[in-house]
Structures are given as structure tokens and as C-alpha cells.
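Colleague: I'm in my first year and still learning to read these pictures. Please take a close look at the surroundings of the ligand, and then walk outward from there in plain words.

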Amino acid sequence: MIFIGVLLLYLLAVLGNMIITILACTVSQLHTPMYFFLCNLSVQDIIYVSTILPKLLAITITRDRSIFFSSCITQLFLFALCLVTEFFLLTSMAYDRYVAICNALRYSLIMNRMVCILLATICWIVGTFNSLLFTLMMSKLSFSKEQEVSHFFCDPQTVLKNSCSDTTIIKTLVTMQGLFLGCCPFILILSSYMFIIFTILKIQTSAGRLKAFSSCSSHLMVVFLFYGASLGLNMKPKSEDQQEIEKVLSMLYIAVVPVLNPLVYSLRNRDVFRAMKTCFKHVFPF
Ligand SMILES: *[C@@H]1O[C@H](CO)[C@@H](O)[C@H](O)[C@H]1NC(C)=O
């Protein structure tokens, strides 16, 4: 049952995000900054689920939790890369919403294609360098016994616990990364939304207020989902004898977020439906 559930989740995540990526790249009505970043978010979500879920599927079938050290390091690299890139992409999207609402008249001037490309590139570069540094340090650790993935993927905490090297430096680094790369985007997103709320409250008509708010509700929901999942994963009790089922549930929670991202954006937007129709007409012209 777990296998089928996870397989369905995986297929749904890949399919949904692929549809968003294809639509955002091909349909010209969706060539806006919001869909530019959404496209990158979808690509990142596909990498993210493909990093974790196939191994989880293999574990549920074979019940063999051992993993090659090289696979573990690859998984760590991609996992950290996706996590940080997602934080920064969500921040860029918040900035996009801030300009769209608080500086509406100069929106197309400020958020031009160059700025979008620059912001997205920074997101990916920060994610890559940070992950590279982290993974290089992890790969220098030595281990006395065979590696086991306790959390259905190679999570950093388990790897650090199993190592017989001195891990104080790397633990400090991980804490600093969490503080800096998790909190800075959060503060930026929060301040964007403070300005957005002030601006929305100043709008005279309630229809105008609703319209402005609904243009950022999808993004806000994705931010809540993602930060909720990250906090939930970090704050869970770290007892040794944690129930298997609890582990699976917390694991699924991370897997569900990439499934929900495209759903949140497509269900709440008429643009996406219209783009899908246009696409279908091109593919089946009768
Ligand atoms: C980000 O989105 C843009 C616009 O759709 C696309 O050209 C680019 O390839 C994407 N980058 C990545 C790494 O997905």
C-alpha cells in the first residue's frame, strides 16, 4: 500500500510539474515573471522528488535500507541544492508580487526579462555553491560501519550521527546555513507581504482589494506549505524508537508539497486553464 501510494504521489508530482513547465515555456500568454519563476520552481520540484522518492520506492519493495556512500552523497547534494533554491525562488516570487502590487505602474519596467533571468540565476548559484560546500565536507567524514538510511533517505542528521569523525565544525556550519539561508528568505518574504498588505488596505474599492489579494494568494499558499513542511520536518521529536509509520508520514509530507505546488497554481488561475486549452487545440486541431 505504501509503495502504491508513494508511486502515485511521485507520478503525480512529476506529471503536474512537467505540465506547468511545458505550459510556461510554450504558451506566450504565460510569459510573465510569475510563470517564469513558477517554471523554475517546477523544474526544481521534479529534481527534488526524483532525488528522494525512487530510493524510498526501492526500500519499500526490497526492505533493504543500505545505501552506497556515493549514492548517499549524491542524494545529499541534490536535496540541499533543491531546498535552498526553493527558498530563494519563493523569495524572488515574493519580490515579483511586491513590485506588481506596490509599484504596479512600473511593473513591466522593473521586472523585465533580464532581471528575471538574473534573479533565477542567483537562486540556482546560491543553491549550488552552498550544497557543494556542504556535500564536500560531508564526503570527508569517515564511517566505521555500513551506512543505513533510517529516514528513508540519506538525511544529514543520520549521516552525521553515524560518522566517527569530529563533526562539530560541520554541525556549526549546518546550523549557520539553516539560520542564514532559511531565515533571510523568510524575513524578505515577510517584509514583501507587509508592504503588500499596507498597499492593499489603501485600495478604496473592495473589488480592487480582492483582485490585488487574489493575485498573490497562490504564492502565499505555496510559501505556507513549504515553510510548514520544513518546520514540521525539523521540529519532530528526535526519539530513537520513533514509530516506522510516523517516519513514513513525515516523509510523505515532504513529498506532498511538490505535488501541491502545480495544483495550487493551476486550480486558482484561469490563465493556466486557458493555456491548456490553447495547447490542446494545437495538438489536436479539429
Ligand atoms: C527557468 O525558467 C526559464 C523560463 O521559463 C527557463 O528558460 C529556464 O530554463 C529555467 N531554468 C531552470 C534551471 O529550470
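Modeller: Let's start with a term: a helix here is a DSSP run of H or I with at least four residues, and helices are numbered from the N terminus. Also keep in mind that what you're looking at is a predicted model.

Now to the ligand. The residues around the ligand are Cys25, Phe36, Cys39, Asn40, Val43 and Trp124. Together with the rest of the protein, they leave part of the ligand uncovered: the ligand on its own has 360 Å² of accessible area, and the protein covers 61% of that. Which helix gives the most to this shell? That's helix α2, residues 33-62, with four residues. You can pick them out by their numbers, since Phe36, Cys39, Asn40 and Val43 fall inside that range. Sorted by class, the shell has five nonpolar residues, one polar residue and no charged ones. The polar one is Asn40.

Two of the names around the ligand are cysteines, Cys25 and Cys39, and that raises a fair question. A disulfide is a covalent bond between the sulfur atoms of two cysteines. Why don't these two make one? The closest cysteine sulfur to that of cysteine 39 belongs to cysteine 25, but the gap is 3.8 Å. To count as a disulfide, the two sulfurs must lie within 2.5 Å, so this pair is too far apart for a bond. Cysteine 39 is also buried, as its relative accessible area is 10%, and buried means under 20%.

Have a look at cysteine 216 for a second case. Its closest cysteine sulfur is the one in cysteine 102, 9.1 Å off, and that's too far for a bond as well. Cysteine 216 is buried too, with a relative accessible area of 1%. The count for the model comes to zero disulfides.

Back to helix α1, which spans residues 2-26 and holds asparagine 17. Is asparagine 17 buried or exposed? Its relative accessibility is 1%, so asparagine 17 counts as buried. Its side chain has a polar contact of 3.3 Å with the side chain of serine 42. Leaving out residues up to four places away in sequence, asparagine 17 touches Ser42, Asp45, Ile46, Pro258 and Pro262. Notice that Ser42, Asp45 and Ile46 have numbers that belong to helix α2, the helix we met at the ligand.

Just after that, valine 27 sits in the loop between α1 and α2. Valine 27 is buried, at 7% relative accessible area. What does valine 27 touch once its neighbours within four places are set aside? The answer is Ala275 and Cys279. Valine 27 and cysteine 279 are 252 residues apart in sequence, yet their C-alpha atoms are 7.4 Å apart in space.

Next stop, helix α5, which covers residues 113-139. Trp124, from the ligand's shell, has a number inside that range. Cysteine 123 lies in helix α5 too, and with a relative accessible area of 2% it is buried. Beyond its neighbours up to four places away, cysteine 123 touches Thr85, Phe88, Leu89 and Ser92. Its C-alpha is 9.9 Å from that of leucine 81, which is 42 residues away along the chain. Asparagine 130, also in helix α5, is buried with a relative accessible area of 12%. Under the same four-place rule, asparagine 130 touches Val84, Gln177 and Leu181.

Those contacts lead us over to helix α3, residues 69-102, where you'll find alanine 94. Alanine 94 has 0% relative accessibility and counts as buried. Apart from neighbours within four places, alanine 94 is in contact with Ile189, Ser192, Tyr193 and His219.

Finally, zoom out. The protein chain has 10 helices and zero strands. Of its 286 residues, 46% are buried. Among contacts with a separation of 6 or more, 79% join residues 24 or more positions apart. On the outside, the chain exposes about 15,900 Å², and carbon and sulfur atoms supply 72% of that.

Note on methods. Residues are numbered from 1 along each chain as its sequence is written. This is a predicted model: local features need pLDDT of at least 70, side-chain atom pairs count only at pLDDT 80 or more; totals for chains, interfaces and linings use all residues. Side-chain values use heavy atoms; hydrogens and water are left out. A residue is near a molecule or strand if one of its heavy atoms lies within 4 Å of it. Accessible areas come from the Shrake-Rupley method with a 1.4 Å probe; for residues, only the protein chains shown count as cover. Helices (H or I, at least four residues) and strands (E, at least two) are DSSP runs, numbered from the N terminus. Buried means under 20% relative accessible area, exposed over 50%, partly exposed in between (1.4 Å probe, protein chains only). A polar contact is a pair of N or O atoms within 3.5 Å; within protein, one must be able to donate a hydrogen and the other to accept it, and residues adjacent in sequence count only if both atoms are side-chain atoms. Contact means heavy atoms within 4.5 Å.
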